[in-house]
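Hi,

Here's the structure I promised to pass along. Have a look, and my notes follow underneath.

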Amino acid sequence: MSATAVLDAVLDRSLVLGYTKIGPALRRRWWPADPAPGSMHGKRVVVTGATSGIGEAIAVSFAELGATVHVLGRSADKVTRYAERLRRAVPTAEVVEEVCDIGDLDAVRVWCADLLGRVDVLHGLVHNAGAMPPERAETAQGHELALAAHVLGPHLMTELLLPVLGAATTTGGSSVVFMSSGGMYGAGLRDTEDGIEFRDGTYDGVQAYARTKRMQVVLAEAWAGRLRGGGVRVESMHPGWVATPGVSESLPRFDKVMGPLLRDARSGADTAVWLVATRPESSGSYHFWHDRALRPTTYGWQRGEDHTKVRRFLSYVSAATGTSAAW
Ligand SMILES: NC(=O)c1ccc[n+]([C@@H]2O[C@H](COP(=O)([O-])OP(=O)(O)OC[C@H]3O[C@@H](n4cnc5c(N)ncnc54)[C@H](OP(=O)(O)O)[C@@H]3O)[C@@H](O)[C@H]2O)c1
């Protein structure tokens with residue numbers, strides 16, 4: 001193991017050093033090269049949750065690299081406002097405004113059908129939208145909100161957009177990125193319907209958030225396995241601890257204590273943009289990234305994912321979204 005690999009792992013395990021702005025300040029001395037200027041020219045990407053924080057920064061970075069950026073949010077007013085901000089920040093940007101509540105599976109179906117009628121090819125899909133509902137609530141289809149927004153909606157969107165993601169094979173391929181969280185390390189996978197949907201009376205906003213972020217990592221790995229060898233890559237990542245409106249609203253105490261050390265949104269966005277723009281090779285079955293490097297999905301003292309639990313979880317996701325069960 002090289003000295004930088006050891007230092008990198010120490011930063012990662014210490015959490016505070018790796019997840020805050022200290023992490024990228026050190027790691028950028030050895031991490032892989034930036035995407036080349038203009039490298040996304042002629043490419044098309046969709047960024048969900050692009051009306052705030054990390055999603056906005058991802059959209060700006062893609063636009064700077066020359067991509068046509070579809071900025072997706074659930075509020076039409078906000079989407080228009082942020083699209084205008086993006087056009088001002090990057091005057092050459094090609095920006096397309098998209099409105100869809102990602103937690104509403106019917107809305108996802110309608111939006112995907114509409115997009116498939118408008119575009120032939122998609123090179124990047126970043127599932128960045130996220131929230132931490134303090135109380136348990138359900139969507140129109142009766143799914144718990146965090147589960148629907150982090151897992152079911154993005155899964156359905158991935159499946160429905162496969163034709164255009166696959167069409168990128170002749171122009172460099174495409175990448176799908178799930179924006180998970182380091183919080184997922186503290187959460188195990190649930191595999192019963194009541195557990196997955198938090199119908200067992202144990203709902204807690206932070207825990208539900210962490211569990212659905214664990215589900216994203218498991219789901220991304222399953223997608224990567226399903227599509228292995230084709231032109232569509234699927235990865236998950238975590239952005240570290242980033243100063244955003246989401247953090248100040250949902251975790252005000254954490255925001256106050258950690259404030260000076262939090263990364264800026266651009267730094268939280270970095271790995272998602274790098275993954276789509278450079279499409280690095282994953283090794284083995286890990287597809288979980290942070291600061292431009294693969295990371296373990298469980299630590300040594302934790303048990304690895306139980307295969308049977310994973311299959312039960314995936315079956316539930318397929319059934320709830322009416323999508324292929326061919327895992
Ligand atoms: N900031 C961090 O330290 C941190 C750490 C780990 C992981 N993350 C992850 O990074 C992602 C971005 O977080 P952030 O801190 O930038 O949060 P943020 O400032 O709250 O932004 C979240 C974005 O997601 C959108 N969104 C939420 N629910 C949606 C839905 N159902 N349909 C469509 N859009 C929806 C929001 O739209 P509205 O404005 O309309 O609500 C907003 O644009 C999230 O997935 C989060 O879990 C962040």
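In what order do the eight strands of the open sheet run? The order is β3-β2-β1-β4-β5-β6-β7-β8, with mixed pairing; strands and helices here are DSSP runs numbered from the N terminus (E, at least two residues; H or I, at least four), and two strands pair if DSSP finds at least two bridges between them.

Before you dig in: this is a predicted model, where local features need pLDDT of at least 70 and side-chain atom pairs count only at pLDDT 80 or more, while totals for chains, interfaces and linings use all residues. Residues are numbered from 1 along each chain as its sequence is written, and side-chain values use heavy atoms, leaving out hydrogens and water.

Back to the sheet: β3 (94-99) and β8 sit at the edges, each pairing on one side only. β2 (residues 68-73) runs parallel to β3 over six bridges, and L72 stands opposite E98 in β3.

There are seven aromatic pairs (ring centres within 6.5 Å for Phe, Tyr and Trp, the last by its six-membered ring; planes under 30 degrees apart are stacked, over 60 edge-to-face, the rest tilted). Y185 and Y299 are stacked because their ring centres are 4.3 Å apart and their planes at 10°. That pair links distant parts of the chain, 114 residues apart. Both Y185 and Y299 are buried, meaning under 20% relative accessible area with a 1.4 Å probe, protein chains only. F198 and Y203 pair edge-to-face, at 5.8 Å and 80°; F198 and Y203 are buried as well.

Cheers

Note on methods:
Buried < 20%, exposed > 50% of the residue type's maximum accessible area, 1.4 Å probe, protein only.
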